[in-house]
Amino acid sequence: APAAATPLEFRGTFTDSGERFFSILDTASRRAEWVGLNEPGRPFTVKSYNAEKESIVLELQGRPMELKLHAARVASAPMPMPAVAQTGPAAQPPRPAVAQPTTTEAQRLAQVAEEIRRRRALRQQAQQQQGGTVPNAAPPPANQPRNN
């Protein structure tokens, strides 16, 4: 029977736990169901499956009918036109995005910097108490008391 005259379409198949299932679409209602081989309870029964021909034989109202696997139609969407690249002095290469630190990250960085300043000041104090000098040492921070 021509595809347009058949009330059913064979849409797909899969196997689960050794049992094969078939997707059958009722073209009038546009409702599809997954049915097993020789499964009762419907107006049709799938009698056999031919994997090489990708077809099934089903019985509808006492008559056998062969249905081939329905070929999917793929419609492609139009592709957007690519953006035209600027040339000349106005064109600049894109710069990578630089993530700004969050408040908690900024606070953590400030604490690390303060800890570095504190330890540097302690080293300078120890060197001065031992009578030595620290080359290229930064002066202690203004908020730290000096023990001289």
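**A three-stranded sheet and its surroundings**

Good morning. The first item is an open sheet of three strands, arranged in the order β4-β5-β6 with antiparallel pairing. The strands β4 (44-50) and β6 (63-68) stand at the edges with a single partner strand each, so one side of each has no neighbour in the sheet. On average, neighbouring strands of this sheet are turned by 25° against each other, direction ignored. I should add that the model is predicted.

For those new to the subject, strands of a sheet pair through backbone hydrogen bonds, and the pairing is either parallel or antiparallel. Between β4 and β5, the antiparallel pairing extends over six bridges.

Let us now consider two residues of β5. Ser55 belongs to this strand, which covers residues 55-60, and Val57 lies in β5 as well.

Is Ser55 buried or exposed? Ser55 has a relative accessible area of 2% and is therefore buried, given that buried means under 20%. Opposite Ser55 stands Asn50. The side chain of Ser55 also makes a polar contact with the side chain of Glu66, at 3.1 Å. If we leave aside neighbours within four places in sequence, Ser55 is in contact with Phe10, Ser48, Tyr49, Asn50, Glu66, Leu67 and Lys68.

Val57 has a relative accessibility of 30% and so counts as partly exposed, a class that lies between the limits of 20% and 50%. Which residues does Val57 contact, leaving aside its neighbours within four places in sequence? They are Thr45, Val46, Lys47, Ser48, Pro64, Met65 and Glu66. Val57 and Leu67 are ten residues apart in sequence, while their C-alpha atoms are 6.4 Å apart in space.

I turn next to another pair of strands. Strand β2 (residues 19-26) and strand β3 (residues 31-36) pair in the antiparallel sense over six bridges. Within this pair, Ile24 stands opposite Glu33 in β3. The two strands, β2 and β3, form a hairpin with four residues between them. Arg30, in the turn, has a positive phi of about 60°.

My last item is helix α1, which comprises residues 103-129. How does its expected span agree with the model? At 1.5 Å a residue, the 27 residues should span 39 Å, and the end C-alpha atoms are 39 Å apart, so the two values agree. After α1 comes Gly131, with a positive phi near 90°.

To close, I return to Ser55, which is buried and whose side chain makes a polar contact with that of Glu66. Thank you for your attention.

Definitions and conventions: Residues are numbered from 1 along each chain as its sequence is written. This is a predicted model: local features need pLDDT of at least 70, side-chain atom pairs count only at pLDDT 80 or more; totals for chains, interfaces and linings use all residues. Side-chain values use heavy atoms; hydrogens and water are left out. Buried means under 20% relative accessible area, exposed over 50%, partly exposed in between (1.4 Å probe, protein chains only). A polar contact is a pair of N or O atoms within 3.5 Å; within protein, one must be able to donate a hydrogen and the other to accept it, and residues adjacent in sequence count only if both atoms are side-chain atoms. Contact means heavy atoms within 4.5 Å. Two strands pair if DSSP finds at least two bridges between them. Axes are lines fitted to C-alpha atoms, for helices over the stretch in contact, and angles run from 0 to 180 degrees between N-to-C directions. The expected span of a helix is 1.5 Å times one less than its number of residues.
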